[in-house]
Amino acid sequence: MPDGERANGSWSRASLMSLFDRERGVLDRRVLSDESLYRLELERIFARGWNFMCHESQLPNTGDYLVNYIGEDQVIVVRDESGRINVLLNTCRHRGNALCRAEQGRAKSFVCTYHGWNYGLDGRLIGVPGLKTYYRDDLDLERHGLVKAAQVDSHLGFVFATMAADAPPLSDYLGDVGLAGLGMVGAFGEVEVIDGIQKNVIDCNWKIAVDNLFDWYHVTYSHASANSSGFTEIARFLQPNQQMVMLGEYGHAISGPAMPKARQDQIDGLSDEQRVEMAKTLPGNIVRIRPKAAAGLMGAEGVRSLGHPNIFPNLWITLGGLQMCLRLPRGPSSTELWWYTVVPKNASPEFRRQAIRFCNHAFGPAGLFEQDDGENWSQSTRAARGVSSGAIGHHLGMGVGRDRVTVSATGERFIETCINEHAQRWLYRSWTEWMAARDWAELRANHSPAPTAAV
Ligand code: FES
Ligand SMILES: [Fe+2]
């Protein structure tokens with residue numbers, strides 16, 4: 001590392017900004033391997049941003065809880081007696097033990113297995129063995145409740161939390177692109193998450209898994225086996241020359257195939273009943289044509305997207321909103337993936353059965369696609385650790401400077417083009433801005449607005 005690149009043992013603003021060359025689309029591979037950058041990501045991205053916690057349908061009753069993460073901080077997400085969902089750090093205020101060891105369940109309170117401190121569903125410390133005798137009543141229970149996320153909020157039932165009190169409200173953070181992304185999941189009405197989150201670990205940097213979700217270039221090549229096995233017909237959905245990209249504030253993006261405008265205009269003229277009938281004539285049992293109300297959630301242009309939203313930093317939405325995946329960081333070279341299957345609440349038993357079957361065979365540990373992807377991600381990550389191979393830049397320059405953003409009459413911004421790497425560049429460009437900002441005030445002041453001209 002060149003002398004002076006770090007300021008006082010930490011990365012300087014200039015050195016962080018230089019890690020991605022946005023003009024050429026070249027990424028410094030240390031972004032995928034460096035331990036100190038990883039520690040800084042936990043602080044400046046995960047502890048600062050809004051993190052996906054759960055869908056409300058996963059916690060229907062008082063005391064229902066599940067464990068999730070904000071970076072590497074484990075949190076208990078629990079519905080209390082008042083119906084509110086709390087996000088509590090899963091670490092005892094006495095000596096740090098984990099309060100909750102199960103992944104999910106139902107509890108009346110959380111009792112620590114070490115010395116028996118007992119916490120209510122809202123995180124208050126409600127019982128301490130020996131409070132009178134050993135502590136001689138000299139312990140302020142009020143001051144020793146579990147630490148809570150600074151803000152918890154939801155959109156369409158999807159619950160997010162941030163540890164940053166000064167983070168913008170969730171709806172401002174999501175902006176039009178983040179809202180459109182979640183709108184893709186809610187486009188068919190109220191949804192529920194199917195029980196049984198599939199979890200596995202891949203030896204890759206979490207950002208490689210994120211940038212890949214925008215990557216429609218690899219699909220034909222990497223996933224040739226899924227095609228040749230007859231599981232899917234890539235040519236039917238890829239549409240290499242009909243791609244649409246939406247870039248949003250703070251790093252959110254949607255990228256992938258899109259419905260041609262003329263085709264959407266035809267659909268717009270149909271009633272919801274006619275759309276259901278039309279879907280029945282299309283190949284594939286779980287193909288859905290979005291109802292009229294979807295445009296209200298995704299925007300008149302966004303509703304055409306058949307691509308992949310990412311809610312920055314790490315929530316991927318796929319299969320037209322049937323599957324969601326969290327890419328949880330576990331060190332510079334390790335990522336834990338959590339796969340959720342989401343179906344409309346009013347889905348028929350037959351649709352539900354087919355959706356679960358299709359999702360399990362598409363992505364996730366048993367999915368044909370992720371088996372192909374995981375191997376590539378691991379090897380790209382491994383190369384980033386080498387002295388010589390780590391010194392080479394990652395090339396993300398496809399289509400750089402070749403496209404323009406269209407701004408619709410209603411203010412929606414989108415790029416229509418062929419297969420490209422705009423969203424990957426937006427991810428890493430936003431990453432440098434998050435990393436270089438010391439607090440939310442700096443990030444607010446210095447992050448890139450969504451582009452409106454050439455990209
Ligand atoms: S560490 Fe929890 S009660 Fe002591
Ligand atoms: Fe893939």
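Asp-64 is tucked away in this predicted model: its relative accessible area is 6%, so it counts as buried. Its partner tells another story. Arg-106 has a relative accessible area of 56% and is therefore exposed. The two side chains still meet in a salt bridge, with N and O 2.6 Å apart. That pairing ties together distant parts of the chain, 42 residues apart: Asp-64 belongs to strand E6 (residues 64-70), and Arg-106 to strand E9 (residues 104-106).

Side chains of opposite charge can pair when their charged atoms come close. How many salt bridges turn up when the whole structure is searched? The search finds 20.

Now for Arg-304, which takes part in a salt bridge with Glu-301 and in another with Glu-416. Both Arg-304 and Glu-301 are buried. For Arg-304 the relative accessible area is just 1%, so it falls in the buried class. Glu-416, at 36% relative accessibility, counts as partly exposed. Arg-304 and Glu-416 also sit in distant parts of the chain, 112 residues apart. Arg-304 lies in the loop between helix H10 (294-298) and strand E19 (308-311), while Glu-416 is in strand E25 (residues 413-417). Lys-261 and Asp-265 join Glu-301, Arg-304 and Glu-416 in a network of salt bridges.

Here are the pairs described so far, side by side:

| Salt bridge | Closest N to O distance |
|---|---|
| Arg-106 and Asp-64 | 2.6 Å |
| Arg-304 and Glu-301 | 2.9 Å |
| Arg-304 and Glu-416 | 3.1 Å |

Next comes the metal. Which residues coordinate the iron ion (ligand 2)? His-218 and His-223 each offer an NE2 atom, and Asp-373 supplies two OD atoms, at 2.1 to 2.3 Å. Along the sequence these donor residues follow the spacing H-x4-H-x149-D. Why is the arrangement called irregular? The four donor atoms subtend angles of 57 to 142° around the iron ion (ligand 2), whereas a tetrahedral label would need all angles between 85 and 135 degrees. As for the two histidines, His-218 is buried at 14% relative accessibility, and His-223 is buried with a relative accessible area of 3%.

Last, the cysteines. A disulfide is a covalent bond between the sulfur atoms of two cysteines. The structure holds zero of them. Are Cys-92 and Cys-112 buried or exposed? Cys-92 has a relative accessible area of 7%, which means it is buried, and Cys-112, at 5% relative accessibility, is buried too.

Notes:
Residues are numbered from 1 along each chain as its sequence is written. Chains are lettered from A and ligands numbered from 1 in the order in which they are written. This is a predicted model: local features need pLDDT of at least 70, side-chain atom pairs count only at pLDDT 80 or more; totals for chains, interfaces and linings use all residues. Side-chain values use heavy atoms; hydrogens and water are left out. A disulfide is a pair of cysteine sulfur atoms within 2.5 Å. Buried means under 20% relative accessible area, exposed over 50%, partly exposed in between (1.4 Å probe, protein chains only). Donors are N, O and S atoms within 2.8 Å of the metal (3.2 Å for Na, K and Ca); water is not among the atoms, so sites may look incomplete. Four donors count as tetrahedral if all angles lie between 85 and 135 degrees; four count as square planar and six as octahedral if opposite donors are over 155 degrees apart and all others between 65 and 115; anything else is irregular. A salt bridge is a side-chain nitrogen of Lys or Arg within 4 Å of a carboxyl oxygen of Asp or Glu. Helices (H or I, at least four residues) and strands (E, at least two) are DSSP runs, numbered from the N terminus.
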